[in-house]
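Trainee: I've got a new protein to look at and I'd like to talk it through. Can you help me get my bearings?

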Amino acid sequence: MLLGTQCVNDAGHLEIGGCDVVDLARRFGTPLYVVDEAFLRDNLRRYKQAFAERYPAETTVYYAAKAFLITAMVRVIDQEGLSLDVASGGELHTALAAGFPPERIILHGNYKSEGELRAALEAGVGRIVVDNFFELRRLNALAAETGRVQPVLIRVTPGIDPHTHRRIRTGQEDTKFGINISDGSALEAIGEALDFPNLNLLGIHCHIGSQLLDSKSHEDAIEVMVAFLAQIRETTGRALEELNIGGGLGVRYLPEHKPPTYEEFADTVCATLKRFLKQYDLEPPRLSQEPGRALVAETGTTLYTIGPTKRVNITEDPGSRTYVSVDGGMSDNPRPQLYDAVYTAMVANRAGQPRDQVVTVAGKHCETDLMITDIALGDTDIGDILAVQSTGAYNHAMASNYNRFPRSTVVFVRDGEADVVYERETLDDLLRQDRIPARLAARAS
Ligand code: LLP
């Protein structure tokens, strides 16, 4: 599986963005997150264009910052003309620090603190997605205090149960997110929002789940959402102007994963929307979305240095297992532990070799942090560089300092150039927040 600008060069090494990854590993150390900038920009443009070309009204793509956010990324999103979905005060702060226009920011969260709501109001963010009744009332009051009329959407639960890992499902009714449509609560919230003088209710929002490998759940959600828009018009007389269908499109972690292309996804989403809008005799609302993973996952590759290898006897076939250890693990990629996530990889300094040996790739944490179980990799040796693919989403963003591992460098590569966009943390960085109170100052005598 070669993605984006990835290719195997004459030396038999993996190359990304015109950079030999073996050189990158030598130059920047490992673990190293490598982002293919040309591929990333192409994704951003293509996703935006796919919907703009197929939908009769305005379309907005908010990149879901939670997937991968650093200030350089904010710049790329801005340059490519996308908008930004932030889900915390920290993501908002990062976006604003990088100079992102606040009117193109949408704020999410099931528990936005008063401080986060105030920061968003003061910055003048374009949209706040209200998650619950408490927040609706609090936001109206805070907006009144700051003398602002805040544009909002209401997050609703359409009651769709998508087929994806249980920890990344959100469309079903049993969820902490949003307000239920089926029991009438969402309609009640809409009524309240329309009456609040300091809120400008633009529309409704849903996000049904993540890593969805077909469009079925989106189609189902669209039907529910359009029917709800029709119900709102009937009961309140208001035709809401915006429909936000969240993110969720899946990506290729393994060669056998076949998610719809952006264009196929846009075909289905737009055709479904048009069909139900017609059925309910509604004018097309503005269509907004919040893809995260689909835009960045495949653009990222993580490089590791292979360390000790160990063969152990097991009772199952084939009677032994070979553990190949790498110099990272659950602190740079917690997804295998959290979601049983699967990945593929190659030995980057012998990318063309036959994959005739099955091994299990293990991290170096004090845990059984298996990164890839039973992968056909071929020969490996200590010092080889392992390239794990499709790590651009929810890897750096979910990295931790577990076992006091410093977070790893991120580089953007393109046209043979590599730029550091996130500097590797140092061992001293790990001590930066530590404090020793006076009563602990004395050493044992
Ligand atoms: N919008 C909202 C309101 C969301 O909650 C999410 C993801 C997105 C957009 C973007 O979804 P995407 O297009 O990336 O599927 N850490 C998990 C994924 C959690 C997703 C949470 N919400 C993972 O590593 O699989």
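Mentor: Happy to. One term comes up straight away: a residue is buried when its relative accessible area is under 20%, exposed when that area is over 50%, and partly exposed in between. Keep in mind too that this is a predicted model.

Trainee: Let's begin with strand β8, then. Are its residues buried or exposed, whichever way they point?

Mentor: Strand β8 covers residues 127–130, and Arg127 and Val129 point one way from the strand. Ile128 and Val130 point the other way. On either side, the answer is that they are all buried.

Trainee: Which residue of β8 is the bridge partner of leucine 107?

Mentor: Start with strand β7, residues 105–107, which runs parallel to β8 and is joined to it by two bridges. Helix α5 (residues 114–123) belongs with these two strands, and the three make a right-handed β-α-β unit. The partner of leucine 107 in β8 is isoleucine 128.

Trainee: And in β9, what's the bridge partner of valine 129?

Mentor: β8 and strand β9 (residues 150–157) run parallel, with three bridges joining them. Here helix α6 (residues 133–145) completes a right-handed β-α-β unit with β8 and β9. Valine 129 has as its partner in β9 leucine 153.

Trainee: What about the sheet with β1, β2 and β3: which strands stand at the edges?

Mentor: That one is an open sheet of three strands in the order β1-β2-β3, with antiparallel pairing. A strand with a single partner has one side left without a neighbour in the sheet, so the edge strands are β1 (7–8) and β3 (19–20).

Trainee: Which residue of β2 stands opposite cysteine 7?

Mentor: β1 pairs with strand β2 (residues 14–16) over two bridges, in the antiparallel sense. Opposite cysteine 7 in β2 you'll find glutamate 15.

Trainee: Since we're on cysteines, why is cysteine 270 without a bond to cysteine 206?

Mentor: For a disulfide, the two sulfur atoms need to be within 2.5 Å. Searching the whole structure turns up zero disulfides. The closest cysteine sulfur to that of cysteine 270 is in cysteine 206, and that is too far for a bond because the distance is 15 Å.

Trainee: Is cysteine 366 buried or exposed?

Mentor: Let's take cysteine 270 as a warm-up: with 1% relative accessibility, it counts as buried. Cysteine 366 has 67% relative accessibility. The cut-off for the other class is over 50%, so cysteine 366 counts as exposed.

Trainee: UniProt has a "binding site" feature here; why do its residues not all gather at one spot?

Mentor: The unreviewed UniProt entry places that feature at Arg293, Arg335, Tyr339, Glu367 and Tyr394. They span 102 residues in sequence, and they do not all gather at one spot because the farthest two C-alpha atoms are apart by 26.8 Å.

Trainee: Which of these residues does the lining of the largest pocket include?

Mentor: Among the annotated residues are two tyrosines, Tyr339 and Tyr394. Tyrosine 339 sits in helix α11 (residues 335–339), while tyrosine 394 is in the loop between β19 (385–389) and β20 (409–414). The pocket lining includes Arg293, Arg335, Tyr339 and Tyr394.

Trainee: Leaving out residues up to four places away in sequence, what does tyrosine 394 touch?

Mentor: Tyrosine 394 counts as buried, at 14% relative accessibility. With those sequence neighbours left out, tyrosine 394 touches Lys66, Ala67, Arg293, Pro334 and Arg335.

Trainee: Is lysine 66 buried, exposed or partly exposed?

Mentor: Lysine 66 lies in the loop between β5 (59–64) and α3 (71–79). The unreviewed UniProt entry annotates Lys66 as "modified residue: N6-(pyridoxal phosphate)lysine". Beyond four places in sequence, lysine 66 is in contact with residues including Asp85, Glu91 and Tyr394. With a relative accessible area of 31%, lysine 66 is partly exposed.

Trainee: Last one: how far apart are the C-alpha atoms of proline 31 and arginine 286?

Mentor: Proline 31 is in the loop between α1 (21–28) and β4 (32–36), and at 9% relative accessibility it counts as buried. Its contacts beyond four places in sequence include Thr302, Tyr304 and Arg424. Arginine 286 is 255 residues away along the chain, and the C-alpha atoms are separated by 42 Å.

Technical notes:
Residues numbered from 1 in each chain as written. Predicted model: local features only at pLDDT ≥ 70, side-chain atom pairs only at ≥ 80, totals over all residues. Heavy atoms only, no water. Buried < 20%, exposed > 50% of the residue type's maximum accessible area, 1.4 Å probe, protein only. Helix = DSSP H or I, 4+ residues; strand = E, 2+ residues; numbered from the N terminus. Pairing = 2+ DSSP bridges. Right-handed = clockwise from strand over helix to strand, strands pointing away. UniProt positions renumbered as here; feature names shortened; annotations may be inferred. 1 Å grid on protein atoms, 1.4 Å probe; cavity = no way out; pocket = protein on both sides within 12 Å on 5 of 7 lines; lining within 4 Å. Contact = heavy atoms within 4.5 Å.
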